[in-house]
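Subject: Structure handover and notes on what was found

Dear colleague,

Please find below the structure I promised to pass on, with its sequence. My notes on charged pairs and on one sheet follow after it.

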Amino acid sequence: MSTTATVTSLRPEYGGLGRWTPTARPRLSWKTTTAARGWVQNAAQVAVLRDGVEHVHGLHGSDSVLVAWPFAPLAAREQVQVRVRVHGTDGWSDWSDRVELAGAFLPDGEWSAQMIGAPEGPPKQPALLHREFTLSRPVARATLYATARGAYQVSVNGVAVDDQEFKPGWTSYRWRLVHDTTDVTQMLADGPNAIGIELAGAWFTESYVSTTPGRGHFGDHPSVAAQLVIEYADGTAETVATDHAWSCTTRGPLLTSGIYHGEDYDARRDLDDWARPGLDASSPDWTPARVFDDRAPVPVARTGPPVRATAKLPVAEVLTTPAGRVVLDFGQNLVGRVRFRVRGPRGTRITLRHAEVLEHGELGTRPLRGARATDTYTLAGHEGGEVSEPRFTFHGFRYVEVEGWPGDVSPHDFTAVVLGSDMERTGWFESSNPLLDRFHENAVWGMRGNFLSVPMDCPQRDERLGWTGDILAFGPAATFLYECNGFLASWLEDVWIEQAQNGGVPPFVVPSVLELDPAAAWGDVVTVLPTVLRERFADTTLLRRAYPGMRAWCGRILALAGDNHLWEDGFQFGDWLDPDASPDHPGDGKTDPDLVATAFLHLSLRLTADAALECGLDRDADRYREQARAVRSAFLTTFSTARGRLMSDSPAAYAIAIAFGLHADERQRLDFGDRLAHLTRAGGYRIRTGFVGTPLIQDALTDTGHAAAAARLMLQTEHPSWLHPVTLGATTIWERWDSMRDDGSINPGEMTSFNHYALGAVVDWMHRRLAGLAPAEPGYRTLRIAPLVIDGLDHARAAHETPYGRAEAGWTRAGDDVTVTVVVPPNAIAEVLLPDGRSARVGSGTSAWTVRVAGANDESPRLHLDSPLSELIDDSEAYQYVRRVVEAHAPGELDEYVHHTKWTPGRRIRDAFRYAPLDFVDTLGDALRRFRATDDAIRTDIATVESARTTGPVPAMLETS
């Protein structure tokens, strides 16, 4: 029977590695496209072609995500071809295209390469390594395996073997190395051949916070190991591996290289054809390579995606600063480096200094702290010009100061090369609010820059570490935006290794360069992140792999909690970077750290119980559930009242309690929500949470019936808020709510980053709740579509490439009519909850409904001086109008006027301005009486003001009342 179904995207687990698979039994996933509505797979056939014979395996049911390998295991370097076809209600599909797979791993005991590098010399010295060999008979296949403690690139006969960067990436060097696998068959030649390796220190030799200054934390000298396995057509094989027979020089053009430092390159020292056959290894420039006799771990095949150049950006503008310096503005804060073309006299030295922002017109380098973030290039003086791009460093920057350029600086000579782990983009969002859309794009840029080998906290200063608390907060958002399962699964391997070495306690940063005590939220990454990956990617195998670490973490913290079931005392981050904390003390938030710690203990116990059940460990599940109940009881007894108050009367505390299920009953949960909404209004609908509370507050408000408050918080543009940095020109998420002050000065705190994704975690709420696209079953097999229609937006939509295919959800408003549109991929279903309360269950295809939803402000009361402040702040149009009136007469005074009365019910507008001059109060009263008397004109004024906020001063129409 013919069918419209077509199988697409057949791929092995942890895609992004090309045809190489790091496991002998790769799980397979495929997607189906079809015009048929409600299509569900009821059977499939998977075929593997190996050694000229095709084997077919039949599958019953709808499984198409991470399906177990049904054939004999792959051998190392074995190449096979796989295809699949599916059966639905309309019969069998055609076979998919064949996908080639090859075993990227080595058999046990086959790794023979030794770690080699430069002879003893200055620490962190870059080096070039060389080895020649001769081929005398036809080659069937040649496979290169390589790893390093540092960063490397291999060339065969003078040509780089791939386009990857910073190989092999950053892992816990003492216990885990990964190797890259590359087919170099076509790069070899009959007769003489040469392998050349460029080597630099990168993360291995970097000096971190806990390192003796000037020394490398993991080691002072980088090293590399590589082996080329040559399989001949006659069935024989040989291996060319790194050993004492290799030659080395440190007299190449790369003088210095460091992640924080940058690179110094002298093109006058270029060595022609150093990676080709015929090198005179007896030259004084070349010496035998050093063989490191320390025991490095045997490397395993890469599972995470490699780092690559993922985009290129032109110069947006060439600026001249007040001090007369030339600065390139690339228009976007990014992670990468600068490539340039130049022609000039031999010996000319060009210096590029990188920074994320300008401060009062000059390059803002103070947030870099100890990072030099500077590249230099000394010209060789070639008549045809030269091209330069650093090799083993990266910078976080938007602005680049250029010094020493021969002649006039032209924007056409420079390109920003964007670097990051090469993941597939899978998530999108758009709305009727351009500031909200720009904020979402900022979160995307923050992720793509900070997901560089490890999930970093920032890419610019002398840190760039894999902070566990940051990715705990941002993990759900990350899994929507990019296919990051392989990336995070690889990093979690290091987390578990470090945790085991640290007595069951996950370090604050992984790979670990700090020695600190257990801390809530940061340590809880071992329970939270695997749970998220299972929910988003249906990766049950990873959850089983994570379970021992989950159990070990709970055991450690239960021991600390003791018989009272409270995690108290000791170091805690608390609600890190609460906006009320001082710049120099980011942990001094409003929320009791013991409350935060105990709440996270409860969460981890619950998640570990769920994981135990998934692993078939029912007794463990019962035990952890019982412990969770005891912790919840202790939490409520210690930190809460029966009337719905918490000891820490802060937004973060209530958001945590609601999100983690820390309530005695439904009444108390709703009371917590009411109090959270009250505090949100009292704060003028400005954000009052830090790293822990921020990812939770929007869901907590929405789930307790305060969606309007969540909407006001999300769309707020005053400081502190998500959108305020956007109004100041931010193109990434900032570390602090006020990393840049309104006066153009950088936050005075020592710790200030302009590319730090944690506070952007709210985009997950935008996807799931605002647009309404969420998983109801692992891997989005069942979608939960429940869009949130809010005032301030005319439409919102999200799209996500799920493991089953592209799903979309969104809504558009026209007056009181709201149209909800849903796209469900084949082999999935959606449970839809419409804004009017109706529900539906639909299969694949596009569905739409139009419902009636009245706007919140349609019947807003007339306002006067004796109106409650709560009516003013809850009426966004009225608030914007009053704010403009106040700003026109007393700029910056609105918060001061309401400081003592807050935005609370029962307080009158008149009371808020009791410290203002009487004539101004009368003027405000006149303005309020006129407000909504001419609705159309007022609304036009407000819209004009809001659209002009980032481009100019307050329009004259609102400069007086």
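A residue is called buried here when its relative accessible area is under 20%, exposed when that area is over 50%, and partly exposed in between. Please keep in mind throughout that this is a predicted model.

By that cut-off Arg137, with a relative accessible area of 31%, counts as partly exposed. Its side chain meets that of Asp234 in a salt bridge, with an N to O distance of 3.1 Å. Because Arg137 sits in the loop between β10 (127-135) and β11 (139-149), while Asp234 sits in the loop between β16 (223-232) and β17 (237-241), this pair ties together parts that lie 97 residues apart in sequence.

A further salt bridge joins the side chains of Arg268 and Asp266, at 2.9 Å from N to O. The two partners fall into separate classes of accessibility: Arg268 is partly exposed, at a relative accessible area of 41%, whereas Asp266 is buried, at 8%.

The third pair I would point you to is Asp699 with Arg769, whose side chains meet in a salt bridge of 2.8 Å, N to O. Asp699 belongs to helix α10 (residues 694-703) and Arg769 to helix α13 (residues 763-770), so that this contact ties together parts 70 residues apart in sequence. Both Asp699 and Arg769 are buried. The pair also belongs to a network of salt bridges, which links Glu535, Arg536, Asp699, Asp703, Asp764, Arg768 and Arg769. As general background, side chains of opposite charge can pair when their charged atoms come close. For the structure as a whole, the count of salt bridges is 74.

Turning to the sheet, there is an open one of 4 strands, in the order β37-β38-β42-β43 and with mixed pairing. At its edges stand β37 (773-775) and β43 (839-842), and since each has a single partner strand, one side of each is left without a neighbour in the sheet. On average, and with direction ignored, neighbouring strands of this sheet are turned by 25 degrees against each other. Within the sheet, strand β38 (residues 782-785) pairs with strand β42 (residues 829-833) in the parallel sense, over 4 bridges. Should you wish to look at the pairing at the level of single residues, Arg784 has Glu831, in β42, as its bridge partner.

With best regards

Note on methods: Residues are numbered from 1 along each chain as its sequence is written. This is a predicted model: local features need pLDDT of at least 70, side-chain atom pairs count only at pLDDT 80 or more; totals for chains, interfaces and linings use all residues. Side-chain values use heavy atoms; hydrogens and water are left out. A salt bridge is a side-chain nitrogen of Lys or Arg within 4 Å of a carboxyl oxygen of Asp or Glu. Helices (H or I, at least four residues) and strands (E, at least two) are DSSP runs, numbered from the N terminus. Buried means under 20% relative accessible area, exposed over 50%, partly exposed in between (1.4 Å probe, protein chains only). Two strands pair if DSSP finds at least two bridges between them. Axes are lines fitted to C-alpha atoms, for helices over the stretch in contact, and angles run from 0 to 180 degrees between N-to-C directions.
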